[in-house]
Structures are given as C-alpha cells and as structure tokens.
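Me: I'm new to protein models and would like a close look at one part of this one. Could you start there and then show me how it fits in with the rest?

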Amino acid sequence: MATNFDADARKVGEIMALSMALKGETKTIQRFIGKEDVVTRLREMGFVPGERVEVLGQNPSGLILLVKGVRLALDRNLASRIIVCD
C-alpha cells in the first residue's frame, strides 16, 4: 500500500522543509541545509533559528513569507534549505 509521506509528516507535526508549508501556516525555523554562503544570506534576510515564519502565499516557483514583520519572496529551492517545525 502506498503512503503519502508528506501528508503523514504533516499530521504529526514533524520537522520539514519550509517549501512544504501551506498558505496560512506559521512555522519555527530549526536549522539550514546548504553551503555556508547560502546559510549566511538566509540569515541576513532574517531567517534565523527560533524565528517564526508565516506563509502568506505560494505558487509553483516560490513562497511569499512574513518573517520579522517583513514580507519576502523566496524561491522553492531556497525554501527547501530551511528546516522548520510547528
């Protein structure tokens, strides 16, 4: 029997990539995946561990996010490097 891993992970509130979050959800940043220069850039944009991020909108290419009171657009590739939880 096939299972939908994404749906299963969402039910139990497991850690996931920010790119998997849905519009209207608010998540807490846990850590980053990627090279130091990418992580540094994300931190400069306000994405730091412990910070809450709200997904305001999404489309196939990226997400509109609210972090530290600022709206930001982030492509899905970068969003997939940010690990979050509920």
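In which loop is K68 found?

Reply: K68 is found in the loop between strand 4 and strand 5 (70–75). Helices and strands here are DSSP runs, H or I over at least four residues for a helix and E over at least two for a strand, numbered from the N terminus. You are looking at a predicted model, in which local features need pLDDT of at least 70, side-chain atom pairs count only at pLDDT 80 or more, and totals for chains, interfaces and linings use all residues. Residues are numbered from 1 along each chain as its sequence is written, and side-chain values use heavy atoms, with hydrogens and water left out.

What stands out at K68 is its backbone: phi is near 55°, a positive value in a residue other than glycine. Most residues other than glycine have a negative phi.

Now step back along the chain to strand 4, which covers residues 62–67. Strand 4 and strand 3 are paired in the antiparallel sense over six bridges (two strands pair if DSSP finds at least two bridges between them). With two residues between them, strand 3 and strand 4 form a hairpin. You can find one of the bridges by looking for V55, whose partner in strand 4 is L65.

On the other side of the loop comes strand 5, and the whole sheet shows where it belongs. Six strands make an open sheet in the order 1-6-2-3-4-5, with antiparallel pairing. Strand 5 and strand 1 (16–17) stand at the edges with a single partner strand each, so one side of each has no neighbour in the sheet.

Let's walk across that sheet. Strand 3 (residues 52–59) and strand 2 (residues 26–32) are joined over three bridges, and K27 stands opposite V53 there. Strand 2 is also joined to strand 6, by four antiparallel bridges; among the facing pairs are R31 with I83 and I29 with V84. Strand 6 in turn pairs with strand 1 over two antiparallel bridges, where A17 has I83 as its bridge partner. In strand 6, I82 and V84 point one way while I83 and C85 point the other way, and all are buried (buried means under 20% relative accessible area, exposed over 50% and partly exposed in between, with a 1.4 Å probe and protein chains only).

What do these strands help to build? The largest nonpolar core has 18 residues, and L18, F47, L65 and I82 have the most contacts inside it. Strands 2, 3, 4, 5 and 6 and helix 2 (36–44) each supply at least two residues of this core. Its largest share, three residues, comes from strand 4, the strand just before our loop. A nonpolar core is a set of buried Ala, Val, Leu, Ile, Met, Phe, Trp, Tyr and Cys residues joined through side-chain atoms within 4.5 Å. Beyond four places in sequence, F47 touches residues that include L65, V67, L72 and L74 (a contact means heavy atoms within 4.5 Å).

Helix 3 (residues 76–79) holds A79, which is buried with a relative accessible area of 0%. A79 touches A17, L18, S19, L63 and L74, leaving aside residues up to four places away. Its C-alpha atom is 6.9 Å from that of A17, although the two are 62 residues apart along the chain.

Charged side chains link up too. E25, K27 and D86 form a network of salt bridges, each being a side-chain nitrogen of Lys or Arg within 4 Å of a carboxyl oxygen of Asp or Glu. Between K27 and D86, the closest N and O atoms are 2.3 Å apart. That pair links distant parts of the chain, with K27 in strand 2 and D86 in the segment after strand 6, 59 residues away. K27 counts as buried, at 5% relative accessibility.

How far can you trust the picture? The chain's mean pLDDT is 88, and 85% of its residues reach 70 or more; pLDDT is the predictor's confidence in each residue, from 0 to 100. Take care with residues 1–5, where pLDDT stays under 50.
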